[in-house]
Amino acid sequence: MDDQPPNTVKDLLVELKDASELMVDLAYAAVFFNEEKLAEEVMRLDTRSGDLLRRLRTMAMLAARSPEDAEGMAGVLWIADAIQRIGAAASDVARVIAARLGIPDALRPDLRHADEMTARVRVREDADVVGQTLRELSLPTETGMWVMAIRSENRWEFAPGPNDVIDPGDVLLVRGPEEGVNLVRGLAGAEATPMAPETDAPALSELDRAVDILVEMKDLAEAAVGLAYSSILFNNRSLAGEVGVLEARSDHLEDQLESWVLRAAPEARDVDELRGLIRLGAASESICDAARDMTWYVEQGEELHPVVQMALEETEETSAETVVQPGAPADGKTLRELRFETETGMFVLAIQRGTRWVYRPRGVFALAAGDRLISVGPDEGEDELIALCGEQPTIDED
């Protein structure tokens with residue numbers, strides 16, 4: 001990430017959002033891989049985010065030359081504060097690793113059941129990706145996977161840019177749908193990860209249940225943040241209301257998590273692992289709380305300063321709104337049949353069908369004409385979305 005200080009309120013807001021999203025991704029990756037270096041980077045970004053927020057407050061005050069200006073900038077600061085709190089909660093996730101807590105190693109593979117997973121892939125000497133830039137590879141739209149970081153020898157490069165070149169021996173830290181992992185491994189010259197053998201699953205232990213709840217809380221937190229940004233970008237009260245639903249669910253799950261962890265105490269070999277589970281749950285719930293707060297202006301019908309929408313349109317990961325047209329390739333097909341994430345690079349946060357919203361739809365969900373999709377991903381993924389959903393008519397604002 002560029003260390004040069006941004007010069008405008010919009011630039012500060014863009015960098016603050018990009019930093020907070022990277023922090024969330026790196027923090028959960030640190031837990032998944034028990035990687036202290038990733039946790040350290042999250043905490044470094046947390047310090048930078050605090051500096052960005054302070055500069056943003058100063059610029060906002062200097063920009064307010066009338067009561068109307070001050071009211072507009074108050075909304076900008078409200079959003080910025082919520083974004084910074086998302087990053088701070090991610091830092092709490094990372095501190096679980098820094099404090100050598102975490103989760104039981106035997107249960108770490110359960111994190112693979114999250115909506116988006118992380119993976120490390122080493123690039124072989126004769127791999128197709130060697131010598132190519134990230135822009136040339138277009139991994140988000142070709143595989144559905146985002147490169148969060150690249151390790152060359154013993155040096156990590158976080159948030160690599162489109163002009164970064166892949167070298168033999170590089171280790172790519174990627175996130176995205178599970179089916180995208182083997183696509184990246186193929187490009188990197190690595191063998192595909194074998195499918196886990198089907199066996200009779202043993203009865204769930206108390207710790208298994210606790211980790212299952214934690215995975216759902218992680219998914220809820222990431223979905224809530226994406227829907228919050230989308231509700232602001234599209235000025236949509238219905239989406240803002242859905243963030244409230246997710247936040248209430250997260251509260252309930254945190255209570256459940258604490259109960260299961262306490263029940264698991266007799267079978268735990270290390271009490272610090274249980275402390276780690278509780279801290280991770282609390283941090284995930286804090287992310288949902290911040291996402292809910294971010295939507296306050298939309299829920300109240302208050303107008304936000306145009307700089308907020310301008311900033312959201314310029315960030316690394318953008319929101320897209322599409323409607324499935326009759327006879328389009330997506331009409332009547334499931335998300336799995338369409339290979340939606342790997343073909344477009346977009347992740348579906350929610351689908352509106354009539355007056356009902358379905359958030360985080362699974363692969364078996366069949367799309368139908370009239371379905372309204374809220375997705376997040378790279379800018380170029382929107383063209384792929386339109387190809388699947390059909391040419392979009394002008395959509396009236398709510």
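**Exercise 1. Helix α1**

How many residues does α1 have, and what does α1 reach from its first C-alpha to its last? Then decide whether α1 is largely enclosed or not, and state what follows the helix.

Solution. The model is predicted.
- Step 1: α1 has 25 residues and reaches 36 Å from its first C-alpha to its last. At 1.5 Å a residue, 36 Å is expected, and the span is close to that.
- Step 2: a residue is buried when its relative accessible area is under 20%. In α1, 24 of the 25 residues are buried, so the helix is largely enclosed by the rest of the structure.
- Step 3: just after α1, Asn 34 takes a positive phi of about 55 degrees.

**Exercise 2. Helices α3 and α8**

Set the span of α3 and of α8 against the value expected at 1.5 Å a residue.

Solution.
- Step 1: α3 covers residues 67-98, which is 32 residues. Its end-to-end C-alpha reach is 45 Å, close to the expected 46 Å.
- Step 2: just after α3, Arg 100 has a positive phi of about 60 degrees.
- Step 3: α8 covers residues 237-264, which is 28 residues. From first C-alpha to last, α8 reaches 40 Å, close to the 40 Å expected.
- Step 4: at the start of α8, a side-chain oxygen of Asn 236 comes to within 2.9 Å of the backbone nitrogen of Ser 238.

**Exercise 3. The second largest cavity**

Describe the lining of the second largest cavity by residue, element and class.

Solution.
- Step 1: the structure holds four cavities of 30 Å³ or more. The second largest has about 50 Å³ of space.
- Step 2: its lining consists of Asp 25, Tyr 28, Glu 116, Met 117, Thr 118, Arg 175, Lys 218 and Glu 222.
- Step 3: the elements that give two or more residues to this lining are α1 (9-33), β1 (117-122) and α7 (206-233).
- Step 4: by class, the lining has five charged, two nonpolar and one polar residues.

**Exercise 4. Cysteines**

How many disulfides does the structure hold? Are Cys 288 and Cys 389 buried or exposed?

Solution.
- Step 1: the structure holds zero disulfides.
- Step 2: Cys 288 has 0% relative accessibility and so counts as buried.
- Step 3: Cys 389, with a relative accessible area of 0%, is also buried.

**Exercise 5. Arg 124**

Where is Arg 124 found? Give its exposure and its separation from Ala 190.

Solution.
- Step 1: Arg 124 sits in the loop between β1 and α4 (134-137).
- Step 2: its relative accessible area is 35%, so Arg 124 is partly exposed.
- Step 3: Arg 124 and Ala 190 are 66 residues apart along the chain, and their C-alpha atoms are separated by 6.8 Å.

Definitions and conventions
Residues numbered from 1 in each chain as written. Predicted model: local features only at pLDDT ≥ 70, side-chain atom pairs only at ≥ 80, totals over all residues. Heavy atoms only, no water. Disulfide = S-S within 2.5 Å. Buried < 20%, exposed > 50% of the residue type's maximum accessible area, 1.4 Å probe, protein only. 1 Å grid on protein atoms, 1.4 Å probe; cavity = no way out; pocket = protein on both sides within 12 Å on 5 of 7 lines; lining within 4 Å. Points joined across faces, edges and corners; volume = space filled by probe spheres on them. Helix = DSSP H or I, 4+ residues; strand = E, 2+ residues; numbered from the N terminus. Nonpolar A, V, L, I, M, F, W, Y, C, P; charged D, E, K, R; others polar. Expected span 1.5 Å × (residues − 1). Polar contact = N/O pair within 3.5 Å; in protein donor to acceptor, adjacent residues only side chain to side chain.
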